[in-house]
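Me: Could you show me how to read a binding pocket and the ligand that goes with it? I would like to take it step by step.

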Amino acid sequence: MFAHRLLVTDICRRFVWQEIFGNDHPVELDLGAGDGGFAIAYAQQHPEINLLAVERLLGRVRKIEKRAARAGLVNLRVLRLEFGYTVRHLLPSSSVSVAHVMFPDQWPKRRHWDRRLVQPAFVRDVAAALWPGGEFRFTTDHADYFETAQAAVAEAAVLERAPEWDWAHDPKTDFQQGFEAEGRTTFQARWVKATETR
Ligand SMILES: C[S@@+](CC[C@H](N)C(=O)[O-])C[C@H]1O[C@@H](n2cnc3c(N)ncnc32)[C@H](O)[C@@H]1O
C-alpha cells in the first residue's frame, strides 16, 4: 500500500538516497507537489532520475501514491512532511540535482509575504542540498511573488541565474493547467549552484 510513500522513522537523520531509491541516479525534488500531475509525468519522462515529491496534505499524498502505482513508477517517492524542514534537516548536503518549486502558496497580501516559501534562508538551504551544477527551478503565476523570489535568491547570494531555456519540455503542473486555462501568465526562472556553499 505504501510502495511509493517515503516513511521517515527518524526525523533527525539525513536521507541516504541509495537506501530510498536503490540506485545512484540523480535526485530531483518537487516541493509542494499538490496532486502530483507534474511529478507523475516528469518521473515517466525521466526514468534516468529519482524524484522525491514532498507534500503535506494527506489527501494529495494519497492521490500521488495512487497515480504512481497506476503508472508503475519505480523512480518516484512521496513524502508527507513540511518542505522547509525537509530541505533544512533531511537532505544530505550537495546531493540533489534539481529542486522544483512550482506554484507555491502565493500569500498575496503584503503583510503575509514573510510566510512565502522562497526566502533567503530557504534559498540557502536549497543551495546547500544541491550538488555543484545543480539547479533551483521556480514557477509561479504571481508577478509579485516572482519579484520577491528573485530578490530572495539575489540576497542569499549562493546561486547564479541560469540562461533562459525552453520550459515547454516540462509537463505542466495541475495548478498550471488550471491557471493557464484562465489565461493567467506563468513566470519561471532557474538558478544554478556554481560552487560549494556548505
Ligand atoms: C498551490 S499548490 C501547488 C501544487 C503543485 N505544485 C502544482 O503546481 O499543481 C501548493 C502545494 O504546496 C503544499 N504545501 C504548502 N505548504 C507546504 C509545506 N509547508 N510543506 C509541504 N507542502 C506544502 C500545499 O499543500 C499544496 O499542495
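Reply: Happy to; we will go from the pocket to its lining and then to the ligand. Keep in mind that this is a predicted model.

Me: What is the volume of the largest pocket?

Reply: The largest pocket comes to about 650 Å³. There are 34 residues lining it, and those closest to its centre are Gly32, Arg56, Phe83, Pro104 and Asp105.

Me: Which elements give two or more residues to that lining?

Reply: Four helices appear here: α2 (37-45), α4 (83-90), α5 (120-129) and α7 (174-181). The most comes from α4, with 5 residues.

Me: How do the lining residues divide by class?

Reply: The lining of the largest pocket has 15 nonpolar, 12 charged and 7 polar residues.

Me: Where does the ligand sit?

Reply: A ligand is placed in a pocket if more than half of its atoms lie within 2 Å of the pocket's grid points. Here, the ligand sits in the largest pocket. Around the ligand are 16 residues, the closest being Gly32, Glu55, Arg60, Met102 and Thr173. That shell holds 7 nonpolar, 3 polar and 6 charged residues.

Me: Which polar atoms lie within reach of the ligand's own N or O atoms, taking 3.5 Å as the cut-off?

Reply: Arg60 uses a polar side-chain atom, 2.6 Å from a ligand oxygen. Met102 instead brings a backbone N or O atom to 2.8 Å from a ligand nitrogen. For Asp174, a backbone N or O atom is 3.4 Å from an oxygen atom of the ligand.

Me: How much of the ligand does the protein bury?

Reply: On its own the ligand exposes 590 Å², and the protein buries 94% of that.

Notes
Residues numbered from 1 in each chain as written. Predicted model: local features only at pLDDT ≥ 70, side-chain atom pairs only at ≥ 80, totals over all residues. Heavy atoms only, no water. 1 Å grid on protein atoms, 1.4 Å probe; cavity = no way out; pocket = protein on both sides within 12 Å on 5 of 7 lines; lining within 4 Å. Points joined across faces, edges and corners; volume = space filled by probe spheres on them. Nonpolar A, V, L, I, M, F, W, Y, C, P; charged D, E, K, R; others polar. Near = heavy atom within 4 Å. Polar contact = N/O pair within 3.5 Å; in protein donor to acceptor, adjacent residues only side chain to side chain. Areas by Shrake-Rupley, 256 points an atom, 1.4 Å probe, with all protein chains shown as cover.
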